[in-house]
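Visitor: Please take me closely through a single part of this model, going from residue pairs outward to their surroundings. I would like each term to be given with its cut-offs.

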Amino acid sequence: MTESLSAMFAAARYELNPTGDAEKARAWTKKVRVVSETQPLLPPKMSDEVFKNVTDALYNDYPLTLDYYNAKQQQKTGQRVYPLGLAQQGPRLYLVCRFEGYDNERSIAVHRINRANVSKFPFTPPSDFDLKKYDDDGRFGFGEGERCLLTFNIKKSAGHYLQETPLSSDQTMTEHDDHYQVTATVIRSQQLTHWLDGFGELVWGVAMKDTIAVCKE
C-alpha cells in the first residue's frame, strides 16, 4: 500500500514544504482527528510477507492458497480462495473471499493467516459481489444479511442520542415518562446483540421480528 501511494506522499511533501503558503495546510492536520467510540486496542501482529501476498493477489485478481486458524483456533491448511476485498474494522484487517467450490463470501482475519501463496493465473471476480453491500448487509458484524424489525425500550438517559444518530431511516421513537420505545429495521447480527447487551438494565423488552432476508447464504 505504501508503495502504491508513494507518488501521493511525494506530492504531499511538496505541497507542505516550509513556505508561508503551506502554513495553514500544515496546521490543519493538527486540528482534525478521528476519535474512537470504543476502548482503543493495539492492532494484532501480522506477517509482512502474508500482507504483501494478500494485497498483491487482491490487486491483480490472483487466487490464494492459505494456511490460517479461525476464531475457534481451528487450523485450516491448503485452503484455495479468491480474494474480493479488504476491510479494516477497528484495529483488525479482514480479507473477504470466496472459497473454491463455494458461491458465497466469507471474511478471514489477516493476522490469523500463517501462509499465503499467490497463484499467477488470474481469475474473473464475480460480477454479483459488491464490498459496500457486503458491509451494508452487516456481514462484518457477524450477521447473514437478514433484516429484522427491532423494538426495545430504553431509559431516556441512555437513549436520547438515538434522536440525533438513528439506527435506521425508518426509526421511530415513542416518548414515555422515563423512557423511549424505539422501533427500527436493522440487520440481525451478533454486533447488534452485543450493542443491546451493553446497556444492561437500561434496555428491556427487546423483540426482533423477521422481515425480508436481503443476503442469506
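Guide: Tyrosine 94 stands opposite alanine 109 in β4, where strands are DSSP runs of E with at least two residues and helices are runs of H or I with at least four, both numbered from the N terminus. The model is a predicted one, in which local features need pLDDT of at least 70 and side-chain atom pairs count only at pLDDT 80 or more, while totals for chains, interfaces and linings use all residues. Residues are numbered from 1 along each chain as its sequence is written, and side-chain values use heavy atoms, with hydrogens and water left out.

The close look is at β3 (92-99) and what lies around it. β3 and β4 run antiparallel and are joined by 4 bridges; two strands are taken to pair if DSSP finds at least two bridges between them. Valine 96 stands opposite serine 107 in β4, and the hairpin of β3 and β4 has 6 residues between the strands, with glycine 101 in the turn showing a positive phi of about 90 degrees. Valine 96 of β3 is also the bridge partner of glycine 85, and the pairing of β2 with β3 is again antiparallel, over 8 bridges. The hairpin of β2 and β3 has 2 residues between its strands, and there glycine 90 takes a positive phi near 60 degrees. In general, strands of a sheet pair through backbone hydrogen bonds, either parallel or antiparallel.

As for exposure, β3 is mostly covered, since 7 of its 8 residues are buried, where buried means under 20% relative accessible area, exposed over 50% and partly exposed in between, with a 1.4 Å probe and protein chains only.

Seen as a whole, the sheet is open and has 5 strands in the order β4-β3-β2-β1-β5, with antiparallel pairing. Its edge strands are β4 (106-109) and β5, each of which pairs on one side only. Neighbouring strands of this sheet are turned by 45 degrees against each other on average, direction ignored. Helix α3 packs on the sheet, touching β1, β2, β3 and β5, and its direction makes about 40 degrees with that of β5; axes here are lines fitted to C-alpha atoms, for helices over the stretch in contact, with angles running from 0 to 180 degrees between N-to-C directions.

The residues of α3 that are buried are Val50, Phe51, Asn53, Val54, Thr55, Ala57 and Leu58, and the buried residues of this helix pack against β1 (64-69), β2 (75-89), β3 (92-99) and β5 (113-118), a contact being heavy atoms within 4.5 Å.

The geometry of α3 (residues 48-60) can be checked by its length, because its 13 residues at 1.5 Å a residue should span 18 Å, and the end C-alpha atoms are 18 Å apart, which agrees; the expected span is 1.5 Å times one less than the number of residues. At the start of α3, a side-chain oxygen of serine 47 comes to within 3.2 Å of the backbone nitrogen of glutamate 49. After the helix comes aspartate 61, with a positive phi near 60 degrees.

Definitions and conventions: A polar contact is a pair of N or O atoms within 3.5 Å; within protein, one must be able to donate a hydrogen and the other to accept it, and residues adjacent in sequence count only if both atoms are side-chain atoms.
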